[in-house]
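Here are a few friendly notes to read alongside the model. They start with how the chains meet and then turn to the charged pairs.

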Amino acid sequence: MRPCDDIRAACNDWLDGTADPSIEADIDAHLAACEDCAQYFGRLRTIEDNLAILGRAADRLADAAGTPTPNKRLTWRPLIAVAAVLMFGFVALLRHQNRGLEDIHQLAENTGTADGDVGSDQGPGFHITVPDGRLALPIESDNPRIHIVWLYHETLPPGETAGESTGDAATQPG
Amino acid sequence: MARRPNLMNRGVKPQTDLLGRPASQTDPAEAAALDDMRQRLLRFAVRILWNFQDAEEIVQEAFKLALASGPTGLDRRADSWMFRTVTNLALNLRRRRKPEPLAEWIDVPQNAPPDMRLRRAEQLETLRGAVADLPERQRTALILRTLQQMSYADIADIMQLSIPAVRAHVHFARTRLAERLGANPSERQP
């Protein structure tokens, strides 16, 4: 039987599967008889198999990490579109909020000054009156916060200041 | 001056190929060969560094060096040159990032117990560490032979050694691992 050193020196070719058939036969015979060398060659084989597993793991890592990703560069078009929609919505909301005031101004221009109580034909609960020089206008606005706005259409006497108030149609300013 | 190919930005079509030639003039077959080379180099670099970002940077650096002073073709000489360059860059790299944990990347049977993957990963981490501790030439030769599955002739070209010298390095690397990992290849020898 060949000595252990000779057999172990041939382990490289044995692991590569390129050993000469006669040498391979010698190795097999030796391993069958020598437990130390059998364990040693067993370790070599296990390490070789585990290296192959490491190689596959490295490939998975490389393939997974290297998968092309969609271009993540920021594109401005969708942002501009969203900004435009938001701005449009904001402006529309502002206009809706201000519609009541526009109605008021329009009504003030159309109505001018009036004496007395125009009457209830302007709508239930709404009257146009001119108490103390102030003009009370009904508001045809959907805005529930504005019912009546008092406007001053004449030069106020000293000490008096213009103001707005909301309130029930039947409420006379105090 | 040709624009340098941007390997990192995959979303932008490069104006030049990986070797600095105008992309419009690159033959599709050559472009595919270049891409294949890049993939092989990336895998190789990952096997040394175990971190994809480090590997990608090194491969890109290798292509930059190829642009500056390396081969311009895609022959076997270019292959050896690129692998040699990647090897040298990888070995000289001061590690910037930690190696990726193995648990996610190893294969275990589908019905294996949950802790099996962790135990298996631990065993392989030990082996990976032992490989990293090998002397440079033994480590390079072993990785090229066992992980990259290259022939001794190709390894000799890359490492600029004779074939018997390469075989010796692989042999000593294997026996060193066997001695270090002891009776249980997953356990370190003191």
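1. Let me begin with the overall tally: over all chains, the structure holds 14 salt bridges. Please keep in mind that this is a predicted model. Across the interface of chain A and chain B, the rule finds seven salt bridges.

2. A good pair to visit is A:D16 with B:R145, whose side chains meet in a salt bridge at 3.5 Å, N to O. This pair crosses between chains, running from helix α2 of chain A, where A:D16 sits, to helix α5 (residues 136-147) of chain B, which holds B:R145. Are these two residues buried or exposed? Both A:D16 and B:R145 are buried.

3. A:D16 has another partner to look at: a salt bridge links A:D16 to B:R174, with 2.8 Å between the closest N and O atoms.

4. From B:R174, follow the side chain to A:E48, which B:R174 meets in a salt bridge of 2.7 Å, N to O. The pair joins two chains, because B:R174 lies in helix α7 (residues 163-181) of chain B and A:E48 in helix α4 of chain A. B:R174 is buried, as its relative accessible area is 2%. A:E48 also counts as buried, because its relative accessibility is 13% and the cut-off for buried is under 20%.

5. Taken together, these residues form a picture worth keeping on screen: a network of salt bridges links A:D16, A:E48, B:R145 and B:R174.

6. For the wider setting, 35 residues of chain A are in contact with 35 residues of chain B. The two chains bury about 3,200 Å² between them, and 62% of that is on carbon and sulfur atoms.

7. Polar contacts deserve a look as well: across the interface of chain A and chain B, the rule finds 13 residue pairs in polar contact, both residues being at pLDDT 80 or more. On the side of chain A that touches chain B, the elements giving two or more residues are α1 (4-9), α2 (11-16) and α4 (35-65) of chain A. Which element gives the most to that side? It is α4(A), with 22 residues. By class, that side of chain A has 17 nonpolar, eight polar and ten charged residues.

8. Finally, a pair within chain B: B:R40 forms a salt bridge with B:D36, and their closest N and O atoms are 3.1 Å apart. Both lie in helix α1 (residues 28-49) of chain B, four residues apart, about one turn of the helix. B:R40 counts as partly exposed at 27% relative accessibility, and B:D36 counts as partly exposed at 41%.

Terms used
Residues are numbered from 1 along each chain as its sequence is written. Chains are lettered from A and ligands numbered from 1 in the order in which they are written. This is a predicted model: local features need pLDDT of at least 70, side-chain atom pairs count only at pLDDT 80 or more; totals for chains, interfaces and linings use all residues. Side-chain values use heavy atoms; hydrogens and water are left out. Contact means heavy atoms within 4.5 Å. Buried area is the accessible area (1.4 Å probe) that two parts lose on being put together, summed over both. A salt bridge is a side-chain nitrogen of Lys or Arg within 4 Å of a carboxyl oxygen of Asp or Glu. A polar contact is a pair of N or O atoms within 3.5 Å; within protein, one must be able to donate a hydrogen and the other to accept it, and residues adjacent in sequence count only if both atoms are side-chain atoms. Ala, Val, Leu, Ile, Met, Phe, Trp, Tyr, Cys and Pro count as nonpolar, Asp, Glu, Lys and Arg as charged, and the others, Gly among them, as polar. Buried means under 20% relative accessible area, exposed over 50%, partly exposed in between (1.4 Å probe, protein chains only).
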